[in-house]
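Subject: Structure handover

Hello,

Here is the structure I said I would pass on. Please open it first; my notes on what was found follow below.

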Amino acid sequence: MKIDNLSETVARIQFIVEISLIAHCKEDELKMALSMISDMAGTIDTAIFEAAIYCQAE
């Protein structure tokens, strides 16, 4: 996943979170928002960040 796509996905997730918090969603609406967030977060390829997160043991 390119940085532009990653930034776009994270911005979409942030937007959904902020709207959900401000709108005081009903339970079913909140479940839908969380499902959307989960789907979008699942598209993020974390493999490119593993080297930065985990140091290689030698």
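The secondary structure of this protein consists of three helices and zero strands. Read along the sequence, that gives the pattern α-α-α. Please keep in mind that this is a predicted model.

Overall surface

The protein has 58 residues, and buried residues make up 14% of them. Its accessible surface is about 5000 Å². Carbon and sulfur atoms account for 61% of that surface.

Salt bridges

How many salt bridges does a search of the whole structure find? The search returns two. As general background, side chains of opposite charge can pair when their charged atoms come close.

One salt bridge joins the side chains of Glu8 and Arg12, with an N to O distance of 2.7 Å. Both Glu8 and Arg12 belong to helix α1, where they sit four residues apart, about one turn of the helix. Glu8 counts as partly exposed because its relative accessibility is 41%, a value in the range between the 20% limit for buried and the 50% limit for exposed. Arg12, at 46% relative accessibility, is partly exposed as well.

The other salt bridge is between Glu27 and Lys31, whose closest N and O atoms are 3.3 Å apart. This pair lies in helix α2, which covers residues 27-42. Glu27 and Lys31 are also four residues apart, about one turn of the helix. Are these two residues buried or exposed? Glu27 is exposed, with a relative accessible area of 60%. Lys31 also counts as exposed, because its relative accessibility is 54% and the cut-off for exposed is over 50%.

Nonpolar patch

Which residues make the nonpolar surface patch? The patch is made by Val17, Leu21 and Ile22, and its area is about 310 Å². Val17 lies in helix α1, which runs over residues 3-23. Helix α1 is also where Glu8 and Arg12 are found. At 33% relative accessibility, Val17 is classed as partly exposed. That value lets Val17 be counted in a patch, because patch residues need over 30% relative accessible area.

To go through these points in the model, start at helix α1 with the Glu8 and Arg12 pair, go on to Val17 in that helix, and then turn to Glu27 and Lys31 in helix α2.

Regards

Note on methods:
Residues are numbered from 1 along each chain as its sequence is written. This is a predicted model: local features need pLDDT of at least 70, side-chain atom pairs count only at pLDDT 80 or more; totals for chains, interfaces and linings use all residues. Side-chain values use heavy atoms; hydrogens and water are left out. Patches are made of residues with over 30% relative accessible area and no salt bridge: like charges are joined within 9 Å, nonpolar side chains (Val, Leu, Ile, Met, Phe, Trp, Tyr) within 5 Å. Accessible areas come from the Shrake-Rupley method with a 1.4 Å probe; for residues, only the protein chains shown count as cover. A salt bridge is a side-chain nitrogen of Lys or Arg within 4 Å of a carboxyl oxygen of Asp or Glu. Helices (H or I, at least four residues) and strands (E, at least two) are DSSP runs, numbered from the N terminus. Buried means under 20% relative accessible area, exposed over 50%, partly exposed in between (1.4 Å probe, protein chains only).
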